[in-house]
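Q: Hi! I have a structure open on my screen and would like to walk through it with you. Could you help me find my way around?

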Amino acid sequence: MGRSVRAVRGATQVDENDRDQILEATAELVAEVMSRNALTTDDVISVIFTATPDLTAEFPALAARKLGFNEVPLLCASEIDIPHALPRVVRLMAHIETDRPRSEIQHVYLRGAVALRLDIAQ
């Protein structure tokens, strides 16, 4: 089986709009995505991070840079401001190269963000 491009999703929630909390939670999320999918940064094509509009204290991508994602294109964006949305959430979608079938990709939802995807959260 050859390598394919796959997308890995994930999210986490912080308690408040605090730089250190955003960086810590995002680093935890990125590390879990990498670990659960047996990835190295060479496997990662790009990562899109989003944050709910109530998170403005830091760019989530900075956490990935601090973890060694120096040659991986990273992008941050704001989530749509939906009144009933879960607050203080950082999401990611990583595009990767892997030999794993889509059914074996491990999506990662941590902390309060588990509520977003009870069907696949672990």
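Q: Let's start with β1 and β4. How many bridges join them, and do they run parallel or antiparallel?
A: Happy to help, and one thing up front: this is a predicted model. β1 and β4 run antiparallel, and ten bridges join them. If you want a spot to click on, Val-5 stands opposite Glu-97 in β4.

Q: Nice. What holds strands of a sheet together in general?
A: Backbone hydrogen bonds: strands pair through them, in either the parallel or the antiparallel sense.

Q: And what is the order of the strands in the open sheet?
A: There are five strands, in the order β3-β2-β4-β1-β5, and the pairing is mixed.

Q: Which strands stand at the edges?
A: Those are β3, residues 74–78, and β5, residues 108–109. Each has a single partner strand, so one side of each is left without a neighbour in the sheet.

Q: How does β5 join β1, parallel or antiparallel?
A: Parallel, through two bridges. Ala-11 stands opposite Tyr-109 in β5.

Q: Over to the other edge, then. How many bridges join β2 to β3?
A: Five, and these two strands run parallel. One pair to look for is Val-47 with its bridge partner in β3, Leu-74.

Q: What about β2 and β4, which sense do they pair in?
A: The antiparallel sense, over seven bridges. Two pairs to highlight there: Val-44 has Ile-96 as its bridge partner in β4, and Phe-49 has Leu-92.

Q: How many residues of β2 are buried?
A: Six of its eight, so β2 is largely enclosed by the rest of the structure. β4 is mostly covered too, with seven of its ten residues buried.

Q: Where does helix α1 lie?
A: Helix α1 covers residues 19–36 and lies across β1, β2, β4 and β5. Its direction is at about 145 degrees to β1.

Q: Changing topic: how many cavities of 30 Å³ or more does a search of the whole structure find?
A: One. Its volume is about 40 Å³.

Q: Which residues line it?
A: Val-30, Val-33, Met-34, Val-44, Val-47, Phe-69, Leu-92 and Ala-94. The elements that give two or more residues to this lining are α1, β2 and β4. The largest share, three residues, comes from α1.

Q: I'd like to look at single residues now. Is Thr-50 buried or exposed?
A: Thr-50, which lies in strand β2, has a relative accessible area of 14%. Buried means under 20%, so Thr-50 counts as buried.

Q: What does its side chain make a polar contact with?
A: With the side chain of Glu-79, at 2.4 Å. Leaving out residues up to four places away in sequence, Thr-50 touches Ala-77, Glu-79, Val-89, Val-90 and Arg-91.

Q: Where does Gln-13 lie?
A: In strand β1, which spans residues 4–13. Gln-13 is buried, with a relative accessible area of 14%.

Q: Which backbone oxygen lies 2.8 Å from a polar atom of the Gln-13 side chain?
A: The one of Pro-87. Not counting residues up to four places away in sequence, Gln-13 touches two runs you can select: Leu-86, Pro-87, Arg-88 and Val-89, then Leu-110, Arg-111, Gly-112 and Ala-113.

Q: Last one, His-95. Why does it count as partly exposed?
A: His-95 has 22% relative accessibility, and partly exposed covers values between 20% and 50%, so that is where it falls. His-95 lies in strand β4.

Q: What does it touch?
A: Again leaving out residues up to four places away in sequence, His-95 touches Arg-6, Ala-7, Asp-43, Val-44, Ile-45, Ser-46 and Ile-48.

Q: And how far apart are His-95 and Arg-9?
A: They are 86 residues apart in sequence, and 9.1 Å apart in space from C-alpha to C-alpha.

Methods. Residues numbered from 1 in each chain as written. Predicted model: local features only at pLDDT ≥ 70, side-chain atom pairs only at ≥ 80, totals over all residues. Heavy atoms only, no water. Helix = DSSP H or I, 4+ residues; strand = E, 2+ residues; numbered from the N terminus. Buried < 20%, exposed > 50% of the residue type's maximum accessible area, 1.4 Å probe, protein only. Polar contact = N/O pair within 3.5 Å; in protein donor to acceptor, adjacent residues only side chain to side chain. Contact = heavy atoms within 4.5 Å. Pairing = 2+ DSSP bridges. Axes fitted to C-alpha atoms, helices over the stretch in contact; angles between N-to-C directions. 1 Å grid on protein atoms, 1.4 Å probe; cavity = no way out; pocket = protein on both sides within 12 Å on 5 of 7 lines; lining within 4 Å. Points joined across faces, edges and corners; volume = space filled by probe spheres on them.
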